[in-house]
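Please open the structure in a viewer and keep the sequence panel beside it. The tour below proceeds by selection, from the whole chain to single residues.

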Amino acid sequence: MDVREFDYDLPEELIAQDPLEDRAASRLLVLDKKSGDIAHRTFRDIKSYLRAGDVLVINNTKVIPARLYGVKEGTGALIEILLLKNKGNDVWETLVKPGKKAKPGTRIIFGDGLLTGEVVDVVEDGNRLIRFTYEGIFNEILDQLGQVPLPPYITHKLEDRSRYSTVYEKYEGSAAAPTAGLHFTKGLLQEIRDMGVQIAEVTLHVGLGTFRPVKVDKVEEHHMHSEFYSVEEEQAELINRAKAEGRRVIAVGTTSCRTLESAADRKGHIRAGSGWTEIFIYPGFEFKILDALITNFHLPQSTLLMLVSALAGKEHIMNAYKEAIRERYRFFSFGDAMFIYDRDDCSAEKQAEADVQKKADGTDGSREEKQTEHFGAGGENGTGQTE
């Protein structure tokens with residue numbers, strides 16, 4: 001399969017540079033993975049496509065301020081370090097710029113000596129293994145000296161670091177955010193729970209390998225870099241019970257999807273535990289766990305675009321991307337979202353679309369409700385939102 005089959009032209013102005021003030025106000029393109037039918041909604045409408053008994057799987061990883069700026073000991077040359085993978089014993093696999101200034105034995109000083117790193121080896125793709133020395137707690141020093149490593153296509157400065165974080169983050173370790181989760185607010189998640197939707201948590205620490213360009217001509221020849229994942233016993237049981245009972249498992253983001261499929265055995269049973277995954281999902285892949293996916297829009301020729309194409313079919317995905325461009329959706333990390341599902345899973349999905357349309361038309365009584373909300377009923381704000 002030729003990598004160029006996953007290419008498309010994106011106007012630069014459609015690359016979202018800043019997060020929306022309201023996380024859940026982004027647009028939502030809804031794609032039926034069987035028919036290719038498309039609907040245009042807002043992200044809050046995701047509730048209309050969920051039902052009691054569904055399991056929504058979120059990735060609770062937390063982005064670390066993984067970009068460090070230091071100086072080479074002896075020369076004072078400026079060096080940029082990006083932490084990629086914790087190898088243990090204060091050794092990290094890193095991306096170093098400029099690499100030619102970081103040969104084994106090179107010492108790099110950060111924060112006037114608050115942190116020191118020594119290059120101990122050069123590994124795959126020219127990455128450096130660096131051993132750090134410091135006094136105190138490494139994560140606290142990192143919080144003080146490091147910066148959040150935003151993707152290179154985002155050129156605006158991020159004023160609030162929390163906007164590149166999900167509201168449910170827990171465990172530090174990612175070099176990039178699981179961006180599909182950025183659309184959720186705590187209030188929206190609670191509303192989803194109140195509907196009877198169960199929420200399961202998994203962990204996958206996102207590495208930059210997920211976002212690196214595919215440099216081979218044939219998709220099958222690409223090799224993914226490994227990423228650490230973990231699924232706790234209670235969460236595995238929750239997901240396995242849903243599958244056994246014929247209920248849907250819906251992943252929030254490609255990272256949650258990759259974790260589920262990495263932890264699944266051949267019979268479609270999630271195994272609790274942790275490890276490293278190099279799973280590469282592209283068309284032809286047979287999903288064992290995933291029924292539906294909430295995701296953002298991905299870069300041309302990227303492994304993530306190949307993943308969603310495996311779920312919905314390349315033709316449906318590429319048509320959906322063309323439609324999103326025509327409709328001026330916002331793309332990539334701070335952009336809009338897509339929901340990929342099978343409308344025929346049950347009749348509730350068809351009713352959901354009708355309910356959303358009725359609400360948009362004001363034929364379900366929502367105009368009267370909105371008017372009441374506008375005057376502050378129930379202590380809500382002027383938009384009728386409680387978040």
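The stops that follow begin with the chain as a whole and then turn to helices, loops and individual residues.

**The whole chain**

Select the entire protein chain first, and bear in mind that this is a predicted model. A cartoon representation displays 8 helices and 17 strands. Colouring by burial is informative at this stage: of the 387 residues in the chain, 52% are buried. Switch next to a surface representation. The accessible surface comes to about 18100 Å², and carbon and sulfur atoms account for 45% of that area. A contact map gives a further view of the chain: among contacts with a separation of 6 or more, 70% are between residues 24 or more positions apart.

**Helix 1 and its two sides**

Now select residues 138-145, which form helix 1. Which residues of helix 1 are buried? They are Phe138, Ile141 and Leu142. Viewed around the axis, these buried residues cover an arc of only 100°, so they lie on the same side of helix 1. Glu140 and Gln144, on the other side of helix 1, are exposed.

To see what the buried residues pack against, add strand 5 (67-72), strand 6 (78-88) and strand 7 (91-97) to the selection. Strand 9 (115-122) and strand 10 (128-134) also belong to this set of packing partners.

**The loops on either side of strand 8**

From strand 7, move on to the loop between strand 7 and strand 8 (107-110), where proline 98 is located. Display the backbone of lysine 97 and proline 98: the peptide bond joining them is cis, with omega about -10°.

Continue to the loop between strand 8 and strand 9, and select aspartate 112 there. Phi of aspartate 112 is near 55°, a positive value in a residue other than glycine. Is aspartate 112 buried or exposed? Its relative accessible area is 85%, and aspartate 112 is therefore classed as exposed.

**Serine 230 in strand 13**

Select residues 227-231, which make up strand 13, and highlight serine 230 within that strand. Serine 230 is partly exposed, with a relative accessible area of 22%. Extend the selection to Val202, Thr203, Gly273 and Ser274, which are in contact with serine 230 when neighbours within four places in sequence are left aside. For one of these partners, glycine 273, a distance label is useful: the C-alpha atoms of serine 230 and glycine 273 are separated by 5.7 Å, although the two residues are 43 residues apart along the chain.

**Lysine 243 in helix 3**

Helix 3 comprises residues 233-244; select lysine 243 in it. Lysine 243 is partly exposed, at a relative accessible area of 25%. Residues up to four places away in sequence not being counted, lysine 243 touches Val249, Lys288, Ile289 and Asp291. Add aspartate 54 to the view as well. Lysine 243 and aspartate 54 are 189 residues apart in sequence, yet the C-alpha to C-alpha distance between them is 9.8 Å.

**Helix 5 against helix 6**

Select residues 303-312 for helix 5 and residues 314-326 for helix 6. At what angle do helix 5 and helix 6 pack? The angle is about 120°, and the axes are 7 Å apart. Helix 5 is therefore oblique to helix 6.

Display side chains at this contact. Helix 5 contributes Leu305, Val308, Ser309 and Ala312, which meet Lys314, His316, Ile317, Met318 and Tyr321 of helix 6. By class, the contact has 6 nonpolar, 2 polar and 1 charged residues.

**The loop after helix 6**

The last stop is the loop between helix 6 and strand 17 (337-341), which contains phenylalanine 332. Phi of phenylalanine 332 is near 75°, again a positive value in a residue other than glycine. Phenylalanine 332 counts as buried because its relative accessibility is 6%, below the 20% cut-off.

Arginine 328 lies in this loop between helix 6 and strand 17 as well. With a relative accessible area of 44%, arginine 328 is partly exposed. Select Pro11, Glu13, Leu14 and Arg27 to complete the view; arginine 328 is in contact with these residues, its neighbours within four places in sequence being left aside. Arginine 328 and proline 11 are 317 residues apart in sequence, and their C-alpha atoms are 9.4 Å apart in space.

Technical notes: Residues numbered from 1 in each chain as written. Predicted model: local features only at pLDDT ≥ 70, side-chain atom pairs only at ≥ 80, totals over all residues. Heavy atoms only, no water. Axes fitted to C-alpha atoms, helices over the stretch in contact; angles between N-to-C directions. Helix = DSSP H or I, 4+ residues; strand = E, 2+ residues; numbered from the N terminus. Parallel < 35°, antiparallel > 145°, perpendicular 65-115°, else oblique. Contact = heavy atoms within 4.5 Å. Nonpolar A, V, L, I, M, F, W, Y, C, P; charged D, E, K, R; others polar. Buried < 20%, exposed > 50% of the residue type's maximum accessible area, 1.4 Å probe, protein only. Areas by Shrake-Rupley, 256 points an atom, 1.4 Å probe, with all protein chains shown as cover. Arc of directions from axis to C-beta.
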